[in-house]
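I opened the notebook to record what I looked up, one entry at a time. The entries follow the order in which I checked things.

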Amino acid sequence: MTTYDAAIAGGGIIGLSVAYELAKTGRKVAVVDRGPLHGEAVSAAAGMLGAEAESHHGGAFFEMCKWSRGLYRSWAEELKDRSGVSIEYVPEGIIRAALDEADEAELLARAAWNSEAEWLSPEEIVRMEPEVASGELRGGYYFRHDHQVHPLRLATALRRACAALDVAFHEDRPVTSLLKEGNRVTGLQTSAGPIFAQQTIVAAGSWSSSLLSPHGIDLPVFPVKGQCYSVAPEKPLTRRTLFVQGCYLVPKMDGTIWVGATQEEAGYDKTPTVGAMAALHAKAVRLLPAMERARFVRTWAGLRPGTPDGLPWIGFVPGVDGLLVATGHYRNGILLAPATGRLVKELASGEPCSFPIDHCSPARSADGRGEIIRS
Ligand SMILES: Cc1cc2nc3c(=O)[nH]c(=O)nc-3n(C[C@H](O)[C@H](O)[C@H](O)COP(=O)(O)OP(=O)(O)OC[C@H]3O[C@@H](n4cnc5c(N)ncnc54)[C@H](O)[C@@H]3O)c2cc1C
């Protein structure tokens with residue numbers, strides 16, 4: 001029976017980016033998913049690289065998000081070379097606008113830790129994006145480096161690049177538990193038998209805790225539902241992504257606009273609801289009135305892997321040999337995919353990390369965990 005260098009539970013964007021970076025080193029890698037590859041959170045994501053738009057305070061995580069964002073342009077080219085697939089990297093920024101006084105105050109307070117953001121008056125926003133309604137606008141930030149990609153094209157590019165590096169994919173094969181010998185994890189037990197590996201990585205998104213907790217590993221990850229819809233306007237309505245509290249509008253290369261997203265703790269339910277779509281649409285129209293006339297395309301929902309402090313778990317699990325985790329990326333899994341792949345590869349290889357990741361460590365204290373930040 002094959003023993004892999006690395007076996008990864010979960011073939012979402014995080015599992016695939018880890019597989020890709022490990023396989024580039026010549027390792028023999030297996031990815032095991034209980035469904036098809038990239039069928040969960042990545043298939044629902046909007047693809048914003050919102051290091052600035054999604055951050056509510058400065059510090060190590062903010063710096064890591066900007067670092068990962070900075071890796072994207074060359075990663076996109078590398079993946080295109082290896083897979084032949086364009087991930088539709090669009091180098092247009094995000095306008096994060098305020099529609100009321102409280103939101104304006106929250107945004108302006110960010111200047112204390114984000115000196116790069118440019119404040120725009122309502123007139124300046126409308127000059128940049130003439131379809132935006134000026135009526136309620138109080139101004140906003142222009143995050144010019146918060147670009148975007150197409151999440152499913154990214155996943156396809158990674159899958160093909162992995163296949164070209166001989167990564168073994170086991171789809172429709174649930175991992176039922178971790179294989180253990182004493183204190184060492186030796187691979188994954190699956191519905192179709194064991195998969196042995198020198199190193200095992202749990203990257204099962206919102207389901208990660210179900211693989212870890214039976215072994216006494218307490219790294220909470222829970223689903224946070226996000227609902228979205230898309231439209232196809234007759235003509236382009238915005239070049240840049242527009243973002244207000246609780247709603248963003250992301251213009252895609254094919255001319256559609258993706259509108260998201262709710263933030264609900266509703267278990268593993270992924271049903272889109274009329275009420276959520278109506279609420280999102282009401283916000284979207286306040287910003288971009290012409291949305292009212294756009295042709296409706298579809299609705300969808302997905303589950304973000306949330307953690308109690310909003311930070312991912314990346315690294316070796318203390319006290320257990322051969323086990324790493326890469327999960328809990330919450331609202332930022334697309335943004336953090338290149339950084340996570342690279343960091344896990346470095347940890348697995350015993351190399352120094354290119355970026356400090358103590359704040360993501362599975363050994364970090366549970367103390368001081370706060371509420372998940374709502375955008
Ligand atoms: C509506 C929405 C919008 C978003 N927008 C953005 C955005 O604009 N930018 C951004 O950076 N991020 C965004 N995100 C967040 C991003 O999508 C996630 O953080 C990221 O996709 C998580 O990737 P993952 O690989 O950890 O998890 P997932 O994609 O959920 O993958 C986990 C995989 O593990 C598999 N699995 C689970 N249990 C088992 C098991 N027992 N055995 C085998 N396999 C198993 C699943 O089938 C799945 O394929 C958004 C998310 C949502 C829902």
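How many Å separate the centres of domain 1 and domain 2, taken over C-alpha atoms? I looked this up and found 28 Å. I noted that the model is predicted.

Entry on the domains. I wrote down the bounds of the two parts of the protein chain. Domain 1 is made of 3-84, 151-221 and 308-360. Domain 2 is made of 94-144 and 223-306.

Entry on the contact between them. I looked up which residues touch, and 29 residues of domain 1 are in contact with 27 residues of domain 2. The two domains bury about 2300 Å² between them. Of this area, 56% is on carbon and sulfur atoms. I then looked up which three residues supply the most on the side of domain 1, and they are Met48, Glu52 and Tyr330. Together they give 25% of the area that domain 1 buries against domain 2.

Entry on charges and polar pairs. I looked up salt bridges between domain 1 and domain 2, and the count is two. I also looked up Lys66, which forms a salt bridge with Glu116. The closest N and O atoms of this pair are 3.5 Å apart. For polar contacts across the interface of domain 1 and domain 2, I found 11 residue pairs. On the side of domain 1 that touches domain 2, the elements giving two or more residues are α2 (41-44) and α3 (60-83). I sorted the residues of that side by kind: 12 are nonpolar, 11 are polar and six are charged.

Entry on the ligand. I looked up its surroundings and found 38 residues around it. Those that come nearest are Asp33, Val175, Tyr330, Arg331 and Leu335. Tyr330 was already in my notes, as one of the three residues that supply 25% of the area domain 1 buries against domain 2. Next I looked up distances to oxygen atoms of the ligand. For Asp33, an N or O atom in the side chain is 2.5 Å from a ligand oxygen. For Ile334, a backbone N or O atom is 3.0 Å from a ligand oxygen. For Ile13, a polar backbone atom is 3.2 Å from a ligand oxygen.

Entry on Glu92. Where does Glu92 lie? I found it in the loop between α3 and β3 (94-97). Leaving aside neighbours within four places in sequence, Glu92 is in contact with Asp146, His147, Arg239 and Arg240. With Arg239, the side chain of Glu92 makes a polar contact of 3.0 Å to the other side chain.

Key. Residues are numbered from 1 along each chain as its sequence is written. This is a predicted model: local features need pLDDT of at least 70, side-chain atom pairs count only at pLDDT 80 or more; totals for chains, interfaces and linings use all residues. Side-chain values use heavy atoms; hydrogens and water are left out. Domain bounds come from an automatic or database domain assignment. Contact means heavy atoms within 4.5 Å. Buried area is the accessible area (1.4 Å probe) that two parts lose on being put together, summed over both. A salt bridge is a side-chain nitrogen of Lys or Arg within 4 Å of a carboxyl oxygen of Asp or Glu. A polar contact is a pair of N or O atoms within 3.5 Å; within protein, one must be able to donate a hydrogen and the other to accept it, and residues adjacent in sequence count only if both atoms are side-chain atoms. Helices (H or I, at least four residues) and strands (E, at least two) are DSSP runs, numbered from the N terminus. Ala, Val, Leu, Ile, Met, Phe, Trp, Tyr, Cys and Pro count as nonpolar, Asp, Glu, Lys and Arg as charged, and the others, Gly among them, as polar. A residue is near a molecule or strand if one of its heavy atoms lies within 4 Å of it.
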